[in-house]
Amino acid sequence: MSKYETNKFYWLQLKEDFFEEDAIAWLEEHENGERYSLFYLKLCLKSLKTKRNFNS
């Protein structure tokens with residue numbers, strides 16, 4: 001049995017211009033903004049298991 005048969009995989013679909021959106025651009029202009037946008041993406045990925053929507 002391969003690892004692909006024993007693990008679940010989830011997909012997070014982002015808009016092509018995700019990093020150009022006003023909210024993300026504004027966030028990244030601030031000190032440590034890149035870290036905060038990465039943190040947001042990690043939250044979105046974690047939410048896939050529980051099917052919560054952070055992008056509303």
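Biologist: How do you know that the length of helix α3 agrees with its number of residues?
Modeller: Helix α3 runs over residues 33–47, which is 15 residues. At 1.5 Å a residue, the helix should span 21 Å. The C-alpha atoms at its ends are 21 Å apart, so the two values agree. The model is a predicted one.

Biologist: Which residues of α3 are buried?
Modeller: They are Gly33, Ser37, Leu41, Cys44 and Ser47.

Biologist: What puts these residues on the same side of α3?
Modeller: The buried residues cover an arc of only 120° around the axis, and therefore they sit on the same side of α3. The general pattern of an α-helix is 3.6 residues a turn, so residues three or four places apart point the same way.

Biologist: What lies on the other side of α3, and what covers its buried residues?
Modeller: Arg35, Phe39 and Lys46 are exposed on the other side. The cover over the buried residues includes α2, residues 22–29.

Biologist: Why is Gly33 called buried?
Modeller: Buried means under 20% relative accessible area. Gly33 has 0%, so Gly33 counts as buried. Gly33 belongs to helix α3. Leaving aside residues up to four places away in sequence, Gly33 touches Leu27 and Glu28.

Biologist: Why does Ser47 count as buried?
Modeller: The relative accessible area of Ser47 is 5%, and the cut-off is under 20%. Ser47 is therefore buried. Ser47 is also part of helix α3.

Biologist: What makes the approach of Ser47 to Cys44 a polar contact?
Modeller: A polar atom of the Ser47 side chain lies 2.6 Å from the backbone oxygen of Cys44. A polar contact needs a pair of N or O atoms within 3.5 Å, and the value of 2.6 Å meets that cut-off.

Biologist: Why is Leu45 described as partly exposed?
Modeller: Exposed means over 50%, buried means under 20%, and partly exposed is in between. Leu45 has 46% relative accessibility, so Leu45 is partly exposed. Leu45 is in helix α3. Its C-alpha atom is 6.7 Å from that of Leu12, although 33 residues separate the two along the chain.

Biologist: What does Tyr36 touch?
Modeller: Not counting residues up to four places away in sequence, Tyr36 touches Leu27 and Glu31. Tyr36 is in helix α3. The C-alpha atoms of Tyr36 and Ile24 are 9.2 Å apart, with the two residues twelve residues apart along the chain.

Biologist: How many aromatic pairs does the structure hold?
Modeller: There are two.

Biologist: What makes the pair of Phe18 and Phe19 edge-to-face or stacked?
Modeller: Their ring centres are 4.9 Å apart and their planes meet at 85°. Planes over 60 degrees apart count as edge-to-face, so this pair is edge-to-face.

Biologist: What of the rings of Phe18 and Tyr40: stacked or edge-to-face?
Modeller: The ring centres of Phe18 and Tyr40 are 6.3 Å apart and the planes are at 10°. Planes under 30 degrees apart count as stacked, so this pair is stacked. This pair links distant parts of the chain, 22 residues apart: Phe18 is in the loop between α1 (3–6) and α2, whereas Tyr40 is in helix α3. Ring pairs join Phe18, Phe19 and Tyr40 into a cluster.

Biologist: Is Phe18 buried or exposed, and what of Phe19?
Modeller: Phe18 counts as buried because its relative accessibility is 5%. Phe19, at 40% relative accessibility, counts as partly exposed.

Biologist: What is the sign of phi in Asn32?
Modeller: Phi of Asn32 is positive, near 60°, and Asn32 is a residue other than glycine. Most residues other than glycine have a negative phi. Asn32 is in the loop between α2 and α3. Its relative accessible area is 40%, so Asn32 is partly exposed.

Biologist: How many helices and strands are in the protein?
Modeller: The protein has three helices and zero strands. From the N terminus, the order is α-α-α.

Biologist: What percentage of the protein is buried, and how much area does the protein expose?
Modeller: Of the 56 residues, 12% are buried. The protein exposes about 5,600 Å², and carbon and sulfur atoms supply 53% of that area.

Methods:
Residues numbered from 1 in each chain as written. Predicted model: local features only at pLDDT ≥ 70, side-chain atom pairs only at ≥ 80, totals over all residues. Heavy atoms only, no water. Helix = DSSP H or I, 4+ residues; strand = E, 2+ residues; numbered from the N terminus. Expected span 1.5 Å × (residues − 1). Buried < 20%, exposed > 50% of the residue type's maximum accessible area, 1.4 Å probe, protein only. Arc of directions from axis to C-beta. Contact = heavy atoms within 4.5 Å. Areas by Shrake-Rupley, 256 points an atom, 1.4 Å probe, with all protein chains shown as cover. Phe/Tyr/Trp six-rings, centres within 6.5 Å; stacked < 30°, edge-to-face > 60°. Polar contact = N/O pair within 3.5 Å; in protein donor to acceptor, adjacent residues only side chain to side chain.
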